[in-house]
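Good morning, colleagues. I would like to take a few minutes to present one structure, beginning with a helix and moving on to the sheet it accompanies.

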Amino acid sequence: MTSQTPSAENAVRACAIRAKQSSPALERATDADIDTALRGMAGRLRTARDTLVSANEEDLAAAVTAGMSPALQDRLRLTGARLDGMAAELRTLADVPHEPRDQVLEERPDHLTLLERRRPVGVIGANFEARPNVTLDIASQFLKSRNAGVLRTGSAALRSSRAIVEHVIAPALADAGLDPDAVQLVPSEDRSAAYALVSLPELIPLVILRGSGDSTRDLGREAARHGVRTLAHADGGGVLYIHPAADDDTVHRLIAGSLDRLGVCNRLNLLLIDRSCYDERLPRVLEILDRLGIGASLPPHAHPRGYEWSLDQERSATVTVDAADGPLHAARIANEETSGLAAAVATEDPAAAAEFIDAYAGSGVFWNSTTRLLDGFKLLRLPETGINIDRVPGPRGPVSFRDLYLRQYVVVPSGRLTS
């Protein structure tokens, strides 16, 4: 456990109190008010562009000085195209219908009606990696689900994230008649602020955890100690299994499409080639990787087979390559030796695809398509708060606003539905 410094703990608590004070009004907000705020954020990404880019350039300059890897610099960077993409996602989210507050489950024979009601959590925390766009992704999902939020980002992105909150989120909320305090950004760079975030169950009962595996798992353990629930995104790494009946062009497309960004969790991490065609296909695979500037870690490996390269600052441009004895063996490797985030099978044989798909138990499985699709907006057409890979009941895969509610059962006399 990491001890909390008083300043960091006080900063988190102050943010949590402000967020909690704003949450009742946010719960009562109309659908139109929520969507107006989202569209306002999209517009302010354009009008505040110079301010956002300037803050991001300061973050990038500090990251380069600190020796941050190119892959992590890439996910820190805000470009005009990325800001345009963020704005488009916000407008799309604003157009998505809100979830109904009440759903009738049964008109009972005892003249009672059973309803299922969706209620906001109230205040949700989020601790996430140094990616400025995630600040907006998470804030928008909290807003759409009528939850206030306390956000803490990696220190490398703090200037960029502060600019997004101050010049995009807060004024858009105010313009829509909503309380700008509904979204709080922890101002402290101190790592202990993350531990404070998961120690306040009376103020922040649920925390989204994203980031590198060990630190995120440690935060999850600390949260459990305090009685705080978490949705954790600690590990990633996509798997691709090449079956003997795979089409060469498809294999090339999947490899290239899975490595367009190296600092993201759903990139290609482990490439399994069926043993029956391993010697035949390996030269072509190595040629593709080399052309992409990616190194191959070939057996015997000096690391676990599921080692996540995106978290390795020095060797992020690497993919592990190994053999598998058929679809079931490949799925078992993916299940037992990787995070369970996502796996893909390349084949033109429907029976082999079905065998792999049925055996893989992770949060997303793909046939002749890339694991990069396991992303909120690419998969669900919605931003995400993270990708949950827990192997227990609850939201799995990309977590969106639809997952950030509490379920309540309501029983009323028949014909007396509440508004």
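Let us begin with helix H6, which is mostly covered: 13 of its 13 residues are buried. I should state at once that this is a predicted model. H6 comprises residues 132-144, and from its first C-alpha to its last it reaches 19 Å, close to the 18 Å expected at 1.5 Å a residue. After the helix comes Arg 146, which has a positive phi, near 65°.

What does H6 pack on? The helix packs on the sheet, where it touches strands E3, E4, E5 and E6. Its direction makes about 165° with that of E3, the strand at residues 123-128.

I turn now to the sheet itself. It is open and is formed by five strands with parallel pairing, in the order E5-E4-E3-E6-E7. Which strands lie at the edges? They are E5, residues 183-185, and E7, residues 229-233, each of which pairs on one side only. From one strand to the next, the twist averages 15°.

At the E5 edge, the partner strand is E4, residues 148-153, and the two pair in the parallel sense over three bridges. Within this region, Gly 149 has Val 183 of E5 as its bridge partner.

Finally, a further helix deserves mention. Helix H9, residues 213-226, lies across E3, E6 and E7. With respect to E6, H9 runs at about 165°. Strands E3 and E6 are thus named in the contacts of H6 and also among the strands that H9 lies across.

Thank you for your attention.

Notes: Residues are numbered from 1 along each chain as its sequence is written. This is a predicted model: local features need pLDDT of at least 70, side-chain atom pairs count only at pLDDT 80 or more; totals for chains, interfaces and linings use all residues. Side-chain values use heavy atoms; hydrogens and water are left out. Two strands pair if DSSP finds at least two bridges between them. Helices (H or I, at least four residues) and strands (E, at least two) are DSSP runs, numbered from the N terminus. Axes are lines fitted to C-alpha atoms, for helices over the stretch in contact, and angles run from 0 to 180 degrees between N-to-C directions. Contact means heavy atoms within 4.5 Å. The expected span of a helix is 1.5 Å times one less than its number of residues. Buried means under 20% relative accessible area, exposed over 50%, partly exposed in between (1.4 Å probe, protein chains only).
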